Amino acid sequence: MEYNIRIGVMEDDARVKELYQELLNTVYPNDAVPGYSDDYLDEYFDEIGEDICFIAEYDGKTVGYITVQIMRMTSGDYGYLDDIAVTEEHRSKGVGSMLIARAENYITKLNLNEVFLHVEQSNTRAKKLYERLGFKEYRMDGNRFCMNKLFS
């Protein structure tokens, strides 16, 4: 299978929201968890700031995405992988790894040397992926692991 990774645009908003809801239903199968608010994704599509969304496509259809926030802090700058979702039929086919690699490439091009993400304790499949890609447990934040990766 050949996947294409591209920068997300405002027209991707509805499909990204669908993928996010699918992710929520997978991670929290017994809970009604609301998805994104109407304008939540705007910052990733506006082309003004540094936050960005990457889209994974297969055969012209959006099958996954990753949102990346660039955090500019007095204590140091870093990238944050806000959300990563891949539709069920395309999981375990390298799509998540490709999206993360594209996000990491973007972060390092901005001369940042660290990236963080959160993963639910119950989402062992995702945590194993992140560990395989070099992420380490940084701390616990409630019922989620905060993980980080350093670039040299």
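**Close-ups of a predicted model**

**View 1. D82, tucked away in strand 4.** D82 has a relative accessible area of 16%, and since buried means under 20%, D82 counts as buried. This is a predicted model, so read the side-chain details here as computed ones. Which residues does D82 touch, once those up to four places away in sequence are set aside? The answer is Y40, Y44, T67 and Q69. With T67 there is also a backbone figure to go with the contact: the two C-alpha atoms are separated by 5.4 Å, although D82 and T67 are 15 residues apart along the chain.

**View 2. The largest pocket and what lines it.** Its volume comes out at about 910 Å³. The lining is made up of 34 residues, and those nearest the centre are L23, I84, N123, A126 and Y130. Five elements each give two or more residues to that lining: helix 1 (13–27), strand 4 (78–86), helix 3 (95–109), strand 5 (114–120) and helix 4 (124–132). Which of the elements gives the most? That would be strand 4, with seven residues. Sorted by class, the lining holds 16 nonpolar residues, plus nine polar and nine charged ones.

**View 3. Helix 1 and its buried face.** From first C-alpha to last, helix 1 reaches 21 Å with its 15 residues, close to the 21 Å expected at 1.5 Å a residue. Buried along helix 1 are D13, V16, L19, Y20, L23, L24 and V27. Why do these buried residues line one face of the helix? Looking down the axis of helix 1, they fall within an arc of 145 degrees, so one face is what they line. The general rule behind such a pattern: an α-helix has 3.6 residues a turn, so residues three or four places apart point the same way. As for what lies over the buried residues of helix 1, the cover includes helix 2 (42–45), strand 2 (52–58), strand 3 (61–71), strand 4 and strand 5. L23 links this view to the previous one, being among the residues nearest the centre of the largest pocket.

**View 4. Helix 3, from its span to the residue after it.** The end C-alpha atoms of helix 3 are 21 Å apart, which agrees with the 21 Å that its 15 residues should span at 1.5 Å a residue. The buried residues here are V95, G96, L99, I100, A103, E104, Y106 and I107. Following helix 3 comes N111, where phi is positive, near 65 degrees. Helix 3 also belongs with the pocket view, as one of the elements that give two or more residues to the lining.

Notes. Residues numbered from 1 in each chain as written. Predicted model: local features only at pLDDT ≥ 70, side-chain atom pairs only at ≥ 80, totals over all residues. Heavy atoms only, no water. 1 Å grid on protein atoms, 1.4 Å probe; cavity = no way out; pocket = protein on both sides within 12 Å on 5 of 7 lines; lining within 4 Å. Points joined across faces, edges and corners; volume = space filled by probe spheres on them. Helix = DSSP H or I, 4+ residues; strand = E, 2+ residues; numbered from the N terminus. Nonpolar A, V, L, I, M, F, W, Y, C, P; charged D, E, K, R; others polar. Expected span 1.5 Å × (residues − 1). Buried < 20%, exposed > 50% of the residue type's maximum accessible area, 1.4 Å probe, protein only. Arc of directions from axis to C-beta. Contact = heavy atoms within 4.5 Å.
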